[in-house]
Amino acid sequence: MAILLLLQQREQVTAAEVARELEISERTARRDLDALGTAGVPVYSVQGRGGGWRLVGGARTDLSGLTASEARALFLVAGPASAVTPTVKAALRKLVHALPEPFRAQAEAASSSLVVDPQRWGSSGFAPRPPRLLDALQDAVIRGVQVRLGYVDRERTETTRTVHPLGIVAKGPSWYLVAHTESGRRTFRIDRVSSVDPTADPVHRPEDFDLAESWREIADEVERKRTPLEVRAMCVPHGIAVLRMGFGARLEVGGSTTDGRIEVVIRGNDEHILAGELAGLIEYLEVTGPPGVRDQLAAIGTVLVGRYGSQRQRPLTAEQ
C-alpha cells in the first residue's frame, strides 16, 4: 500500500527511493514492486539511466474505499493512545509518510491527537459510551480549526465560547478536550459539551505544545486539588515500593537524609482517613507533620493498645 501511494504521489520512483522512504532493503523494494504487477496493479519498469517504476498512464487506484474520516481513524492507531504492537505503529507511520501531502497532514495530526489515561478519578465503575460530540471535536483537532463551543458547567450554567482545540484525552470513563481560550489553556469535559460549531479559522497551536505532557500537568493539578492535605514523613528505603503500591500518584519521593531514610510526601483530603491509611505502615514510616495527623495516629495507637494490649496471647490447641 505504501509503495502504491508513493507511485501515485510521484511520477516515477526507483527501488532505492522506495527502500529509503520505507526503511527496507532494495531487494525487498524490488520484490514488492514486482508483486504489485503480479497483483494486477498497472505498474511497469523503465530500464536504463533515469529509469524506475511508473504507473501506466498515471493510473490512480482506490486502495481501500475508506472515507476521509475512516482513514483518519485508521491512523489514530499509530499514536501514543494505541495498544497495538510497536511493529504495527511503525508500519502505519511509514504509510503516513507515503501519503499525498494534503492527506498526510491530517493523518499525522490524527496519530497525535489523542491521549488515553486509564487511571480513573477516584471511584471505579463501568465505562459509559463515548459522548455524542466526541467525533466532531476530534475532527476539529485533526483539521486544526477553531470551534464555537456550547458548554454546561457543574453549576448547570450554559455558555458559548470560541476555543482552539488542541487534543482529546480519555481519563478512565471520562473524555476531555484540551483547548486554548482567551483565558489560557482550559480543559472541558466532553459529556458537558452541548454543541460544536466548527469555524474556518485555524487553531493557534503553540510550537512546543505536547498533548501528553500537557495532560500530565493538568492531571497533577487536578489531583492536588482533590487531595490538598500533605503529610510529610521519613521512610526506610525498602518501604518505598510498599508506599508506591498503596498510594500511587499521591506519593512524592524526595531525597535521602543523613540517617539513610528517604523524605516522602503523601497527599489526602482528610486527616482521620489518611492517618488510618498510615497506621499500618509504622514499620516503614515516621510521620513528621502536620501535627493533626500525628495526633490522629496517636489516638489510633491508644485505641489499639487499650483493645489489644492487655490480652495475653494464648497458644492454639489442636482443636483450635
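**Exercise 1.** Given that helix 2 passes helix 3 in a right-handed crossing, establish the angle at which helix 2 and helix 3 pack and which residues meet.

*Solution.* The model is predicted, with local features requiring pLDDT of at least 70 and side-chain atom pairs pLDDT 80 or more, while totals for chains, interfaces and linings use all residues. Residues are numbered from 1 along each chain as its sequence is written, and side-chain values use heavy atoms, without hydrogens or water.

Step 1. Helix 2 covers residues 15–22 (helices are DSSP runs of H or I with at least four residues, strands are E runs of at least two, both numbered from the N terminus). A right-handed crossing has the near helix turned clockwise from the far one by less than a right angle.

Step 2. The axes of helix 2 and helix 3 lie 8 Å apart, at an angle of about 110° (axes are fitted to C-alpha atoms over the stretch in contact, and angles run from 0 to 180 degrees between N-to-C directions).

Step 3. Helix 2 and helix 3 are therefore roughly perpendicular (65 to 115 degrees; under 35 is roughly parallel, over 145 roughly antiparallel, the rest oblique).

Step 4. From helix 2, Ala-15, Ala-16, Val-18 and Ala-19 meet Glu-26, Ala-29, Arg-30 and Leu-33 of helix 3 (contact means heavy atoms within 4.5 Å). This contact divides into 6 nonpolar, no polar and 2 charged residues (Ala, Val, Leu, Ile, Met, Phe, Trp, Tyr, Cys and Pro are nonpolar, Asp, Glu, Lys and Arg charged, the others, including Gly, polar).

**Exercise 2.** Describe how helix 1 is placed against helix 3, and by which residues.

*Solution.* Step 1. Helix 1 spans residues 2–9 and helix 3 spans residues 26–38; their axes come within 10 Å and cross at roughly 80°. This crossing makes helix 1 roughly perpendicular to helix 3.

Step 2. Helix 1 contributes Ile-3, Leu-4 and Leu-7, which meet Ala-29, Asp-32, Leu-33 and Leu-36 in helix 3. By class, there are 6 nonpolar, no polar and 1 charged residues in this contact.

Step 3. Comparing the lists, Ala-29 and Leu-33 of helix 3 appear in the contact with helix 1 and also in that with helix 2.

**Exercise 3.** Characterise the packing of helix 10 with helix 11, then locate the cis peptide bond that ends at Pro-290.

*Solution.* Step 1. Helix 10 (residues 271–279) and helix 11 (residues 291–308) have axes that come within 9 Å and cross at roughly 60°. Helix 10 is therefore oblique to helix 11.

Step 2. The crossing of helix 10 past helix 11 is right-handed. Glu-271, His-272, Ala-275, Gly-276, Leu-278 and Ala-279 of helix 10 meet Gly-292, Val-293, Gln-296, Leu-297 and Ile-300 of helix 11. The contact comprises 6 nonpolar, 4 polar and 1 charged residues.

Step 3. The peptide bond from Gly-289 to Pro-290 is cis, with omega near 5°. Pro-290 belongs to the loop between strand 12 (285–289) and helix 11.

**Exercise 4.** Where in the chain does Arg-156 lie, and what is the sign of its phi?

*Solution.* Step 1. Arg-156 occupies the loop between strand 4 (145–152) and strand 5 (158–171).

Step 2. The phi of Arg-156 is positive, about 70°, although Arg-156 is not a glycine.
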